[in-house]
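Reader: Please take me through the salt bridges of this model. Then add a polar side chain and the nonpolar surface patch for context.

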Amino acid sequence: MNVVQEARTLIHQNIRDYGMYIALFVIILTFSIMTDGLFMSSRNISNLLDSAGYIAVLAVGMTLVIVIRHIDLSVGYAAGFLGAIAAILLTQSGVPVYVTIPIILVLGVAIGLFNGVLVAKIGIPSFVATLAGMLIFRGALLQVTEKTGTIIIQDDHFNAIGNGFIPSLVQVNGLHLLSLLVGVVGILLYIYSEFSNRKNKIKYDFEVVSKPIFALKLVFVSAIIGYITWILAGYNGFSWTVIIMLLVVIVYHFLTTKTVLGRHIYAVGSNPEAAHLSGINVKKITYIVFGSMGMLAALSGILFTARLQSATTTAGTLFELDAIAAAYVGGVSSAGGVGKVTGAIIGAIVMASLSSGMNLLGVGISYQYMIRGGVLAGAVIFDVMTRKKR
């Protein structure tokens, strides 16, 4: 089998994984042509990634929730409410930012665990339990912001989370050196990870791609990482939002692919009854996944509140739907048991790219909603069709 035939076979067999990357490439290419390159400018890419950050973080948690065959509709207003609590602690209670953030994250875990108890222990369907939570947190958000409507945050350290960038150290031909170094480290870690995975597969006699395809993959992905790094380094470098988003992806990718917990999560999603019979504590997995979702909702609320530099009465509106859309566009299966956190990030970037590109082209908001809805419907149809072929 020659390289071209092998590449075609790989794409056909892994169309669910590769489809979203192909879609993102087509979207970027289309908008770049239609905007005469403005879409790929350093400023626009930086703003695009920052605007996708808080949804991407939610999408990672939502992916795991959907993997175990549940849903969480409360995360949007939970994020808005927790962001408002952070604002109150910072402005009215005088709590330092390094104390406020852990408090908010712990509150998020508690909220997620409460949802998990309702679903796993009491047996309430997750749709109903989290819908109730959504209404409760919407009311709670209105309650804590009703006096002022908007709570302005003037803590520079907190606001930097949503608007700041990592320090430059020194500029080389107008490029931020530290951001370039981060990109180089990212490429090296990616290459090391791929070689390590390939070595382990060979060790246990698993099938691996040929050396030319493996080398092509390394060069292609490394080139993408390098190009994005170069673009961002030409503006203000990596923002703290992007760094946080990358850390979340790295941690959750490791947990889901390299640990026993990750294998148990996918086992529960694939077949809860079989997982229970094999000795996996399904309730415990449900608690962990919902607790994780609550923590990421809190982190999302922090990112959004810091980006706005204020807490508002409308914070969190439709966040949960954007996160669900990003998860499905990123390849998670509605049947459970299938989905990657890296896909969730790509899904969030796809949706943000659509919004950014249409805004640059001056497309009306009504058409934007219809197009984004069409993309979501297409992603689910794609999921159903690929499952039927198996």
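Author: The salt bridges come first, then one asparagine, then the patch.

This is a predicted model, so local features need pLDDT of at least 70 and side-chain atom pairs count only at pLDDT 80 or more, while totals for chains, interfaces and linings use all residues. Residues are numbered from 1 along each chain as its sequence is written, and side-chain values use heavy atoms, with hydrogens and water left out.

Side chains of opposite charge can pair when their charged atoms come close. A salt bridge here is a side-chain nitrogen of Lys or Arg within 4 Å of a carboxyl oxygen of Asp or Glu. The count by this rule is 2.

One joins Glu 194 and Lys 217, at 3.3 Å from N to O. Glu 194 sits in helix α8 (residues 177-203) and Lys 217 in helix α9 (residues 211-233). The two residues are 23 apart, so the pair links distant parts of the chain. Helices are DSSP runs of H or I with at least four residues, numbered from the N terminus. Glu 194 is buried, at 14% relative accessibility. Lys 217 is partly exposed, at 38%. Buried means under 20% relative accessible area, exposed over 50%, and partly exposed in between, with a 1.4 Å probe and protein chains only.

The other bridge pairs Asp 322 with Arg 372. Their closest N and O atoms are 3.0 Å apart. Asp 322 belongs to helix α14 (residues 319-329) and Arg 372 to helix α16 (residues 365-388), so this pair ties together parts 50 residues apart in sequence. Asp 322 is partly exposed, at 26%.

Now the asparagine. Asn 44 lies in helix α3 (residues 42-67). Its relative accessible area is 13%, so Asn 44 counts as buried. A polar atom of the Asn 44 side chain is 2.7 Å from the backbone oxygen of Phe 39. Leaving out residues up to four places away in sequence, Asn 44 touches Leu 38, Phe 39, Ser 356 and Leu 360. Contact means heavy atoms within 4.5 Å.

Last, the surface. A nonpolar patch has about 860 Å² of accessible area together. Areas come from the Shrake-Rupley method with a 1.4 Å probe, and for residues only the protein chains shown count as cover. Patch residues have over 30% relative accessible area and no salt bridge; nonpolar side chains (Val, Leu, Ile, Met, Phe, Trp, Tyr) are joined within 5 Å, like charges within 9 Å. Helix α2 (residues 15-34) gives the most, with 8 residues. Among the members are Tyr 18, Phe 25 and Leu 361. Phe 25 is in helix α2 and is exposed, at 54%.

How values were computed:
A polar contact is a pair of N or O atoms within 3.5 Å; within protein, one must be able to donate a hydrogen and the other to accept it, and residues adjacent in sequence count only if both atoms are side-chain atoms.
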